[in-house]
Every structure is written in C-alpha cells, then in structure tokens.
Amino acid sequence: MKLGEKQVLTVVKKVDFGVYLGSEKERVLLPKKQAPQGVEAGDPVEVFLYKDSSDRLIATTNEPKLTMGHLAVLEVADVGRVGAFLDWGLEKDLLLPFREQTVKVSKKDRCLVGLYIDKSGRLCATMKIYPMLRTDSPYRKDDMVKGTVYGISREFGVFVAVDNRYSALIPKKDVYGKLNIGQEIEARVTSVKADGKLDLSIRSKIPEQMDEDARKIMERIRKGGGMIPFTDKADPELIREEFGMSKAAFKRAVGKLLKERKIKIDEAQGKILQFDANRV
C-alpha cells in the first residue's frame, strides 16, 4: 500500500461502517460514505491513501489535488501553531510545516507545493520543490510558456516551475519589475541548457518588445503632463525602477519614438518631451 498515491485495491471484507481493502495481511478501511454503491468482496476499487486526524491509514475515493511525485498550486485554508494547512480536496487539510515554507504564507494565499512523507510517516507539503522538478520539457528556444514563480535569488534570478513541472530560471540580468513567489507568469524560452533546464525571459523578442516599450513610454509621458524628467542617458537603475526595462531597451524604444516624431529630447533640461499632441 502506497501512502500518497492513487491505487487499485481489492475489497476483502464488508462491515457496517465501510469496507476493508487490500489483503488479509494488510488492509485499510474505506469509510461507508466513500464506498461505491453495491460494492462486494473481491471488487476492485481505485482509492487514494492518506492518514486521518488520528494518524490512522485511511482510503478515500475523493480526488486529491496533489499526489506523490507531482506538484500543485494549493490555497492556504488556515495557519496554525506548526504551520499552514492547505486545501487539497480531502476532509483533512494538508500540513505545510513552517520549516518547509520558503516564504511566510497567510490564509487565502496560493502556493506551489510538492508532497513528502515526514519522519512520523505522515503526508506533508513542501515549498522546497527544486529537486522535484523535471528537466525533460518539450520546449525549445522562443517557445512561449506558462509557469509559477517558486523562488527568488539575488545572485541567480527568479526560479520558475514551467507548467508546474519543469525547471526554469529567469536569469538575474533578465529580471525586470517585481515578481512574487506564487505568481503565475507567461514567458519566452531564451535557451535550453545542456542539462535540460530552461532559461526564460518575460520580455518578447526585440522587435515586438520595442513596440510595447514605446507604448509604455508614451503612456508615462501623457501621465507626466507631456514629459519625462530624464533622458535615455539616465542611470540604468532609475530606468529599471521606472519602466521595468534595461537601459538598452529604453534607448531602443526612445529611438523608435524619435524616428516616428512622437517625442523630442531637451538636452538642456534633461527631459523627454511629447513632440506634438496631435500626432499621438
């Protein structure tokens, strides 16, 4: 019998409060309210095995949102003395111990977790999912993918689980704007490493991204009363903070807008100005 997994077991005995599954040597109770109608001894039943509130092995025909060897985004139902409790579709919530949290979670938060068996033989959740991610994704360079942010490193960048299954990273140099653990993102594959891990970018390829960056700059100019109080010679960190883009991307977008005669640069005042309100 495999804790935390779905499996087909045989009915070995019917009782008033349910049916026992397994064999004469090893069996587990499937409560009456979970048992299929009309089930008899010898019938196969697909069940999921976990432990009840008294730490007894129990079977259920309910569908869990998470099984051993897989990952899932679960909602925090409550927070207690030993950790958070996650809604995983079963009567007893799943414990996410404090020591298995990579960031503190609160009620109603959603987090990407895996399943493991603790030292007491109970099923628990963990946010430390890096070892559980696969490196055999079907994706190639320039493919668009979706994933969940599960880790943030000042040294390396932002760690993402693509399809909540495959290992990926947004390298530090390609991180723009604020990303949070648990956030779902759409990104472009920039490379597939020799070990199968993916590098991602949340920015499009240069031509498409330049159009989007230019639109963002024009929107900021309008909100700023027809100007931005700095030029493309500004400090890279200021540009990153204000626009969520690199200085090189900012300069490309500014160049595009200059060519289209939508803006002009006032070097003396150190400003970017809207060129003609009637043209934008």
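Two strands are taken to pair if DSSP finds at least two bridges between them; with that in mind, begin the tour of this predicted model by selecting strands E16, E18 and E17, which form an open sheet of 3 strands in that order, with antiparallel pairing. Strand E16 (227–228) and strand E17 (263–266) stand at the edges, and because each has a single partner strand, one side of each is left without a neighbour in the sheet.

Next, select E16 together with strand E18 (residues 271–274), where the antiparallel pairing runs over 2 bridges, and pick out methionine 227, whose bridge partner in E18 is leucine 273. Then add helix H3 (residues 247–259), which lies across E17 and E18 and runs at about 115 degrees to E17.

Move now to the loop between strand E10 (123–126) and strand E11 (144–153), and select serine 137. Serine 137 has a relative accessibility of 11% and therefore counts as buried, the cut-off being under 20%. A polar atom of the serine 137 side chain lies 3.3 Å from the backbone nitrogen of tyrosine 139, and, leaving aside neighbours within four places in sequence, serine 137 is in contact with Tyr166 and Leu198.

Staying in the loop between E10 and E11, select aspartate 142, which has a positive phi of about 80 degrees although it is not a glycine. Most residues other than glycine have a negative phi. Aspartate 142 counts as partly exposed, at 31% relative accessibility.

Finish at aspartate 55, in the loop between strand E4 (44–51) and strand E5 (57–60), where phi is again positive, near 65 degrees, and the relative accessibility of 36% makes aspartate 55 partly exposed.

Definitions and conventions
Residues are numbered from 1 along each chain as its sequence is written. This is a predicted model: local features need pLDDT of at least 70, side-chain atom pairs count only at pLDDT 80 or more; totals for chains, interfaces and linings use all residues. Side-chain values use heavy atoms; hydrogens and water are left out. Helices (H or I, at least four residues) and strands (E, at least two) are DSSP runs, numbered from the N terminus. Buried means under 20% relative accessible area, exposed over 50%, partly exposed in between (1.4 Å probe, protein chains only). A polar contact is a pair of N or O atoms within 3.5 Å; within protein, one must be able to donate a hydrogen and the other to accept it, and residues adjacent in sequence count only if both atoms are side-chain atoms. Contact means heavy atoms within 4.5 Å. Axes are lines fitted to C-alpha atoms, for helices over the stretch in contact, and angles run from 0 to 180 degrees between N-to-C directions.
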